[in-house]
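Trainee: Could you take me through one part of this structure slowly? I'd like a close look at the aromatic pairs and what surrounds them.

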Amino acid sequence: VQNDWLSYYLLWFSNDGGQSWTSKTTAKGKEIACDHAQLASLDSTGKLWATWEQGGQIWVNRTTTSDAAWGTPFVLPAASSVDGDDVSSLIAFGGNKIGLLWSDQDASADRFAIHTDGQPDTTWSAAETALSGSGVADDHINLKTDASGRVFAVVKTSTDPQITFLV
């Protein structure tokens with residue numbers, strides 16, 4: 001659907017390895033929560049990126065030649081095995097980067113990796129630990145960015161306080 005001031009995208013996603021599909025609609029350039037922190041973000045080259053946890057791994061995919069043409073999903077190279085209840089989230093930031101934050105309950109940490117637009121799709125920075133400690137990695141993540149390119153995260157923990165703000 002398209003009008004004069006805003007383009008919308010209909011996204012299809014699967015929670016079961018492609019056996020069934022669900023759709024969501026999002027505005028171009030905005031993040032969308034698909035299900036259990038499966039998010040999509042549009043990078044500076046026009047690729048739409050998505051992430052999710054499946055089978056104890058953090059998965060990533062992106063569009064290729066059009067918004068309807070998706071590549072082959074791949075495991076995030078920077079991520080180790082995670083718990084089946086862990087989540088991940090993406091955000092475009094800094095003009096030419098995609099950031100991915102994921103919880104890792106097995107290691108009691110929230111981790112962050114960066115992809116620079118134009119690099120091979122499977123090229124990501126090494127994982128950075130954004131937060132660590134007993135009970136800090138829970139399954140709620142929200143990401144935002146500002147005009148200067150800083151990334152802000154609000155994460156739920158199993159500790160007191162339960163909500164933690166990260167920059």
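Mentor: Let's settle one word before anything else: a residue counts as buried when its relative accessible area is under 20%. Phe112 has a relative accessible area of 12%, so Phe112 is buried. Keep in mind that this is a predicted model.

Phe112 has a ring partner. The ring centres of Phe93 and Phe112 are 6.3 Å apart and the planes sit at 50°, so this pair is tilted. Phe93 is buried too, because its relative accessibility is 11%. Where do the two sit along the chain? Phe93 belongs to strand β8 (residues 88-93) and Phe112 to strand β10, so the pair ties together parts that are 19 residues apart in sequence.

Those two strands belong to an open sheet of four, ordered β8-β9-β10-β11, with antiparallel pairing. The edges are taken by β8 and β11, each with a single partner strand, so one side of each has no neighbour in the sheet. Going from one strand to the next, the twist averages 20°.

Now look at β9 and β10, which run antiparallel and are joined by eight bridges. Here Ser103 stands opposite Asp110 in β10. A handy thing to remember is that side chains in a regular strand alternate between the two faces of the sheet.

Asp104 is also in strand β9. Is Asp104 buried or exposed? Its relative accessible area is 2%, so Asp104 is buried. The side chain of Asp104 makes a polar contact with the side chain of Ser80, at 3.5 Å. Setting aside residues up to four places away in sequence, Asp104 touches several others, including Ser81, Val82, Asp86, Arg111 and Ala137.

Back to the rings. The structure holds two aromatic pairs. Besides the phenylalanines, Trp49 and Trp124 form an edge-to-face pair, with 5.8 Å from centre to centre and 85° between the planes. Trp49 lies in strand β5 (residues 48-54), while Trp124 is in the loop between β10 (109-116) and β11 (128-132), so this pair ties together parts that are 75 residues apart in sequence. Both tryptophans, Trp49 and Trp124, are buried.

What surrounds these tryptophans? Trp49 and Trp124 are among the residues with the most contacts inside the largest nonpolar core, which has 14 residues. Ile58, Val60, Leu76, Leu100 and Trp102 are also on that list. The elements giving two or more residues to this core are β6 (57-62) and β9 (97-104), and β9 supplies the largest share, three residues.

Val60 is a good place to stop and look around. Not counting residues up to four places away in sequence, Val60 touches both Trp49 and Trp124, and its other contacts include Trp52, Pro73, Phe74, Leu76 and Leu100. There is also a second, separate core of twelve residues, and Val87, Leu101, Ala153 and Val155 are among them.

Finally, follow the strand that carries Trp49. Six bridges join β5 to β6, and these two run antiparallel. Trp52 stands opposite Trp59 in β6. The hairpin of β5 and β6 has two residues between the strands, and Gly55 takes a positive phi near 60° there. On from there, β6 is joined by two bridges to strand β7 (residues 74-75), again running antiparallel, and Trp59 stands opposite Val75 in β7.

Key
Residues numbered from 1 in each chain as written. Predicted model: local features only at pLDDT ≥ 70, side-chain atom pairs only at ≥ 80, totals over all residues. Heavy atoms only, no water. Core = buried A, V, L, I, M, F, W, Y, C linked by side-chain atoms within 4.5 Å. Buried < 20%, exposed > 50% of the residue type's maximum accessible area, 1.4 Å probe, protein only. Contact = heavy atoms within 4.5 Å. Polar contact = N/O pair within 3.5 Å; in protein donor to acceptor, adjacent residues only side chain to side chain. Phe/Tyr/Trp six-rings, centres within 6.5 Å; stacked < 30°, edge-to-face > 60°. Pairing = 2+ DSSP bridges. Axes fitted to C-alpha atoms, helices over the stretch in contact; angles between N-to-C directions.
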